[in-house]
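Visitor: I am new to this structure and would like to learn how each label attached to it is justified. Could you take me through the reasoning step by step?

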Amino acid sequence: MSLRGITLWCVWLCLSEVSRGAVKQYKFDVQYMYGAPDCVEQVVMGINGHFPGPTITAEEGDTLHIILTNNLLTEGTVLHWHGIRQYGTPWADGTASISQCAIAPGQTFHYRFTVDRAGTYFYHGHYGLQRTAGLYGSLIVNLAKGKKEAFHYDGEFNLLLSDWWHKTTLEQEVGLSSIPFRWVNEPQSLLINGRGQYNCSLAANATKTSLSECNFRGNEECAPQIFDVHPNMTYRIRIASATSLASLNLAIGNHKLVVVEADGNYVKPFTVDDIDIYSGETYSVLLRTNQDPRKNYWISIGVRGRKPNTPQGLTILNYKTNSATLLPTSPPPITPQWDDYNRSKTFTYNIFGLKGTQKPPKYYHRRLLLLNTQNLVRGYTKWAINNVSLTLPSTPYLASINVNGSFDTKIPPNTFSEGYDIYNPPLNPNANTGSGVYMFQLNQVVDVILQNANVLKGQNSEIHPWHLHGHDFWVLGYGDGKFQQSDERKFNLKNPPLRNNVVVFPYGWTALRFRADNPGVWPFHCHIEPHLYMGMGVVFAEALLNVKRIPNQVLACGLLRNVSINKKHN
């Protein structure tokens, strides 16, 4: 049997083993509704009348069947299952114009896929700025019965973190697409499980006796969700960042956190006072409730990586020996200085794969050096990769890779000019748009070097969290300045973490390696939603001849619409 045949047989065997679980069905109606996540009423995007959307729970090996109906009035929608690799079901990835057509108003789409690995995940809209509008929820996959976690805990709770604007997403989209350019600016509030408090600081009332000072009566949906714990126990806190823009720092007053999971993969445990979490990342941390049981403690999130104009998001860790309305007597943890990147790097550089984590191949077959820059395209402000700003076609890549005219057949650049000055604005600010695809053979080992640079104007370089669909990758290393061939000596091939999200720091580079072992079409993009909207991403396609039985629903738009209709009539 050939190597290719062996690999496909192994993938099939693994999927057949994990797909023996239950089938869990959810019905999701996506709709706009009125809500007040931060105590200010406005239009919110929700599911089944709730914001955030319902928490999905499953066991490793279960099949999820989500029946999604679009009840929006005038726009399409999709849901992406963030961190689920979709082996054998690339059309269920939930990416408009890539894995499927956007679901039209009034239409229903069936997502059916296997969750093959336990971990902390979430789901969110992947169309326009719908994640910004509130289209997200938690997705928790537990170990199959009979299996044990790599760490002990007595209980658990989830923290779904997000940022919130009072400006509508339509207004934000218009601003991002205008001349002159109008940035979305900083969020008004930070939300914990969909709840925040605009213009009412819980901490300012720390000298008071209860939470009633913020006057939540009649508006319970923005009252903080209190997390109850018992003294001298260990809790697993599952954390996911669905933020549109903000990088966050999370801390719990007077308590240490032990990091044990990142993006659904075990990591070598390490203890911290707080964690930095970027958009798209998920973590599990262990909390030992070993503090004074006569007190309650703040859970705080604050902005990192951008000069913050947004107050901390706060809620309370309630020791059950106290009333849940008792405010902590100490002030909330102070969020580290927003531009203290050395502190951020110290946390990120301490994440290693747990012993037993699969090691990366020693060598790569293909390398991409991807330079992200801010540019102009016909006067519009865009983000570009190797001077190409991504525009998505009307026909999904997955089903149209061999359809003439469906997308740009020109292969995007594999690298950028060696003479590019990453420390200054570009000498030539102009870039091009494109919808080209990087094509990989089955099982090719691919290295990607993400290179950060200065923005279009002024002296500044931003943090960018990148997310790869359909895969995990090994994070081989980070560095400051421009990547050099000699930097390969710094690569960690011994115990790199497996992730599906990775950060590239200002004026720095990040190296990752993955195996193209999942036939399909997969986006790789900055997870800051306005940046992706402005073109900051690329598309990978691999082993497409191995993709079989694409559902007809995927074919119902663009150049494939007539093909789909003809199939139905024949």
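Visitor: How many salt bridges does the structure hold?

Guide: Bearing in mind that this is a predicted model, the structure holds 21 salt bridges.

Visitor: What makes the meeting of Lys 147 and Glu 60 a salt bridge?

Guide: The label asks for a side-chain nitrogen of Lys or Arg within 4 Å of a carboxyl oxygen of Asp or Glu, and the side chains of Lys 147 and Glu 60 meet at 2.9 Å, N to O, so the pair qualifies as a salt bridge. This pair links distant parts of the chain, 87 residues apart, with Lys 147 in the loop between strand E8 and strand E9 and Glu 60 in the loop between strand E3 and strand E4.

Visitor: Why is Lys 147 called exposed, and is Glu 60 buried or exposed?

Guide: Exposed means over 50% relative accessible area, and Lys 147 counts as exposed because its relative accessibility is 51%. Buried means under 20%, and Glu 60, with a relative accessible area of 16%, is therefore buried.

Visitor: How do you know that Asp 116 forms a salt bridge with Arg 85?

Guide: The closest N and O atoms of Asp 116 and Arg 85 are 2.6 Å apart, and the limit is 4 Å, so the pair meets the definition. Asp 116 lies in the loop between strand E6 and strand E7, while Arg 85 lies in the loop between strand E5 and E6, so the salt bridge ties together parts that are 31 residues apart in sequence. Asp 116 is buried, with a relative accessible area of 16%, and Arg 85 is buried, with a relative accessible area of 16%.

Visitor: Which residues are joined with Arg 513 into one network?

Guide: Arg 513 forms a salt bridge with Asp 447, the closest N and O atoms being 2.5 Å apart. Because Arg 513 lies in strand E30 and Asp 447 in strand E25, this pair ties together parts that are 66 residues apart in sequence. Both Arg 513 and Asp 447 are buried, and salt bridges that share partners join Arg 367, Asp 447, Glu 488 and Arg 513 into one network.

Visitor: What makes Cys 39 and Cys 222 a disulfide, and why is the disulfide called right-handed?

Guide: A pair of cysteine sulfur atoms has to lie within 2.5 Å, and the S to S distance between Cys 39 and Cys 222 is 2.0 Å, so they are joined by a disulfide. The structure holds one disulfide, and the torsion about its S-S bond is about 95°, which means that it is right-handed. Since Cys 39 lies in the loop between strand E1 and strand E2 and Cys 222 in the loop between strand E10 and strand E11, the pair ties together parts that are 183 residues apart in sequence.

Visitor: Why is Cys 39 called partly exposed, and is Cys 222 buried or exposed?

Guide: Partly exposed covers the values between the 20% and 50% limits, and Cys 39, with a relative accessible area of 29%, is therefore partly exposed. Cys 222, at 0% relative accessibility, counts as buried.

Visitor: How do you know that the protein is as compact as a globular protein of its length?

Guide: The secondary structure of the protein comes to six helices and 32 strands. The radius of gyration is 23 Å, close to the 25 Å that the globule rule gives for 570 residues, so the protein is as compact as a globular protein of that length. Of the 570 residues, 60% count as buried.

Technical notes
Residues are numbered from 1 along each chain as its sequence is written. This is a predicted model: local features need pLDDT of at least 70, side-chain atom pairs count only at pLDDT 80 or more; totals for chains, interfaces and linings use all residues. Side-chain values use heavy atoms; hydrogens and water are left out. Helices (H or I, at least four residues) and strands (E, at least two) are DSSP runs, numbered from the N terminus. Buried means under 20% relative accessible area, exposed over 50%, partly exposed in between (1.4 Å probe, protein chains only). The radius of gyration is taken over C-alpha atoms; the globule rule is 2.2 Å times the number of residues to the power 0.38.
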